[in-house]
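Open the model in a viewer and colour it by secondary structure. The tour starts with the whole chain and then moves to one helix.

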Amino acid sequence: MTILKNHWYVACTSNELTAQPLGRMVCDDPIAFFRTQSGKAHALLDLCPHRKAPLSMGRVDGESLRCVYHGMAFSGQGQCTHIPSQDIIPPRACVRSYPVQERFGLVWIWPGDPALAHGSPLPERPWMEQPDWNHDVVQHFAVKANYALMGDNLLDLSHVAFLHASSIGFNPNLLEQDPLQTHVDGDAVTNERVFVNTTQAPAHRAWHEFAGPVTRVQRSTWTPPANVTVLVRNEDDTQQVDMRADHFITPETEDSHHYFIVVSRNFKVDDQALSRQLDADTRAVHLEDVDIAEAQQRMNTRFPDVRAMALKADKAVTASHRILARLEEQEAGQAMPTGT
Ligand code: FES
Ligand SMILES: [Fe+2]
């Protein structure tokens, strides 16, 4: 899939953006992220207009970012604020700046046409801001695969029984009478499986054990370009425990992406030992997904003309590809700012 630029993407976690600038490629643009002394996050093209030094190698100086090479300073809006060796600041002394906002403990960037950013809201995630939920587990993986491969993975729950057999998997025989339900609502695609009167997955039991059989709900909701919420619910007649894993996938290049995950839960919210265990357990699961996506990418590169084959269980993935194709076509018709 080609990169869609007119969307909000997660660039980094709020904790990653310290007093040091951060150089990171987003949607094929090298970008210098920095937090000014007053605490505001900014993003500039990582290219000093003087002699092309990466601005991310510089340092924050008050409300500006100062280039490491000859000390030119730039505001968060990309205007040059100081040239050490001269008084006059020429009009060319500026650098492209990108719309940025910070929410849910994440720094978001709009790599496309800035004029379209203002009317475009961030994905809605009310549980990520609810104080009675725990949000300790935040992960980031750099993945050498096209971003859409990870979106496919998260919409395709039939792999859980196999790829994640030892952790969050379930008995593959259950797939024989697969209760999979797929819904498409506008640009949102939902895949859901409800297993009634079943046993808990090994990992879920370790996090919160039920006395007997449970109803297990797995629901993935995808919205373009690749934001996926996975709800994992275990319930019986007396209680309902929910874990929501929010996955935000940011293209780095055509063949690589940044994969961010925030896990929220409504049970044992003050249990920090459980947070550490959840982090380790879910990290192991996500690494299995990273491994398979990178392996698929290697095969995609080796066999670019071989078309993937869709199965009945791939209805949601196919629907998401249709939406992406429409958005790609739409974006191809829009004028895009160039890198500089
Ligand atoms: S290259 Fe940045 S100030 Fe010279
Ligand atoms: Fe997976």
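Helices (H or I, at least four residues) and strands (E, at least two) are taken here as DSSP runs, numbered from the N terminus. By that count the protein chain holds 5 helices and 18 strands. The radius of gyration, taken over C-alpha atoms, is 22 Å, close to the 20 Å that the globule rule (2.2 Å times the number of residues to the power 0.38) gives for 340 residues, so the chain is as compact as a globular protein of that length.

This is a predicted model: local features need pLDDT of at least 70, side-chain atom pairs count only at pLDDT 80 or more, and totals for chains, interfaces and linings use all residues. Residues are numbered from 1 along each chain as its sequence is written, while chains are lettered from A and ligands numbered from 1 in the order in which they are written.

Stay with the whole chain and show the C-alpha trace, which spans about 75 × 50 × 35 Å along its principal axes.

Next, select residues 315-332, helix H5. Its 18 residues reach 26 Å from first C-alpha to last, close to the 26 Å expected at 1.5 Å a residue (1.5 Å times one less than the number of residues).

Within H5, pick out Ala-316, Val-317, Ala-319 and Ser-320, its buried residues (20 or more other C-beta atoms within 10 Å of their own, with 12 or fewer for exposed, partly exposed in between, and C-beta atoms placed from the backbone). Looking down the axis of H5, these buried residues fall within an arc of 160° (from the directions of the C-beta atoms from the helix axis), so they line one face of the helix.

Now add helix H1 (147-155) and strands E13 (181-185), E14 (188-198) and E15 (214-223): the buried residues of H5 pack against these.

Finally, turn to the other side of H5, where Arg-322, Ala-325, Arg-326, Glu-329 and Ala-332 are exposed.

Note on methods: Two residues are in contact if their C-beta atoms, placed from the backbone, lie within 7 Å.
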